[in-house]
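Let's take a walk through this structure together, stopping at a few places worth a look. Keep the viewer open as you read.

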Amino acid sequence: METTSMTDLRLNLGCGERHFEGYINVDKYGNPDVKHDLETFPWPWKDNSVIEILLIHVLEHLGQDSKIYLNIIKEMYRICQPGAKIRIVVPHHRHDFFFDDPTHVRVVTPMGLSLFSQRLNRKWIEEKAANSPLGLYLNVDFEVIETYYTPSSHWFTLHPESEVDVGFLLSESTYYNNLIEQIEMVLEVIK
Ligand SMILES: C[S@@+](CC[C@H](N)C(=O)[O-])C[C@H]1O[C@@H](n2cnc3c(N)ncnc32)[C@H](O)[C@@H]1O
């Protein structure tokens, strides 16, 4: 049976006005439980103290300078326990919602997050693929274990059937804009 201790923290980073029960709600504005600018380091949590992180429409706002973005990834790795889960929700990079907000500074994709998987880094090195082996470079290791796509209202106008064919949605969205509204990804921390 899993036990919860004082160090099994759950963080809702960039919480805005949506404060969740059971989580430490963190933001640089407003009245969160912890007021912290996530682009300044170190973050105020101990090594291996966190079992879950939520970043709901937040990561695309962070780390315009890639050095800062990579530091954020390293801080998440440092504070998370082995097996911790990080749930990331972002607007799809080919939806107008991504472009509408001037504080969106970074595209976040499942492939972009897979660059932090040491398993894939080693595979790509063996295959002589050009993908940056960021997991090995930064000494972090995350696996993307779940990915969900939310179709937009435009998709349902074109395809009103209630069952969404995700393979078709993904292949169409490589050619056309505004078909997927948001992507949700879950990372598992490997230590
Ligand atoms: C689009 S809102 C999402 C808020 C909330 N997660 C939600 O789903 O309603 C983005 C949030 O990220 C916060 N944020 C942006 N940059 C930040 C930073 N450097 N440090 C901490 N919070 C930040 C903003 O203040 C804002 O509350």
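What follows goes from a pocket to a surface patch, and then to some backbone details in the loops.

Please keep in mind that this is a predicted model. A good place to begin is the largest pocket, which holds about 400 Å³ of space. Its lining is made up of 20 residues, and those closest to the centre of the pocket are D27, K28, Y29, H61 and L62. If you colour the lining of this largest pocket by class, you will find nine polar residues, six nonpolar ones and five charged ones.

Now turn to the surface. Which residues make a nonpolar patch there? I125, L136 and Y137 do, and the patch they form covers about 320 Å². Y137 sits in helix α5, which spans residues 134-138. Y137 has a relative accessible area of 63%, and because the cut-off for exposed is over 50%, this residue counts as exposed.

From helix α5 you can step straight into the loop between α5 and β6, where β6 covers residues 142-151. N139 lies in this loop, and its phi is near 60 degrees, a positive value in a residue other than glycine. Is N139 buried or exposed? With a relative accessibility of 60%, N139 is exposed.

A second asparagine with a positive phi is N48, where the angle is near 55 degrees. N48 belongs to the loop between β3 and β4. The relative accessible area of N48 is 38%, so this residue is classed as partly exposed, a label for values between the cut-offs of 20% and 50%.

Stay in that loop for another backbone feature. Where is P42 found? P42 is in the loop that runs between β3 (34-35) and β4 (50-56). The peptide bond leading from F41 to P42 is cis, and its omega is near 0 degrees. If you are checking the backbone by eye, F41 and P42 are the pair to select for this cis bond.

The last stop is D101, in the loop between α2 (96-100) and α3 (110-114). D101 has a relative accessible area of 26%, which means that this residue is partly exposed. To place D101 in the fold, try drawing a line from its C-alpha atom to that of L54: the two atoms are separated by 21 Å, and the residues are 47 apart along the chain.

Conventions:
Residues numbered from 1 in each chain as written. Predicted model: local features only at pLDDT ≥ 70, side-chain atom pairs only at ≥ 80, totals over all residues. Heavy atoms only, no water. 1 Å grid on protein atoms, 1.4 Å probe; cavity = no way out; pocket = protein on both sides within 12 Å on 5 of 7 lines; lining within 4 Å. Points joined across faces, edges and corners; volume = space filled by probe spheres on them. Nonpolar A, V, L, I, M, F, W, Y, C, P; charged D, E, K, R; others polar. Patch = residues over 30% accessible without salt bridge, like charges linked within 9 Å, V, L, I, M, F, W, Y side chains within 5 Å. Areas by Shrake-Rupley, 256 points an atom, 1.4 Å probe, with all protein chains shown as cover. Salt bridge = Lys/Arg side-chain N within 4 Å of Asp/Glu carboxyl O. Helix = DSSP H or I, 4+ residues; strand = E, 2+ residues; numbered from the N terminus. Buried < 20%, exposed > 50% of the residue type's maximum accessible area, 1.4 Å probe, protein only.
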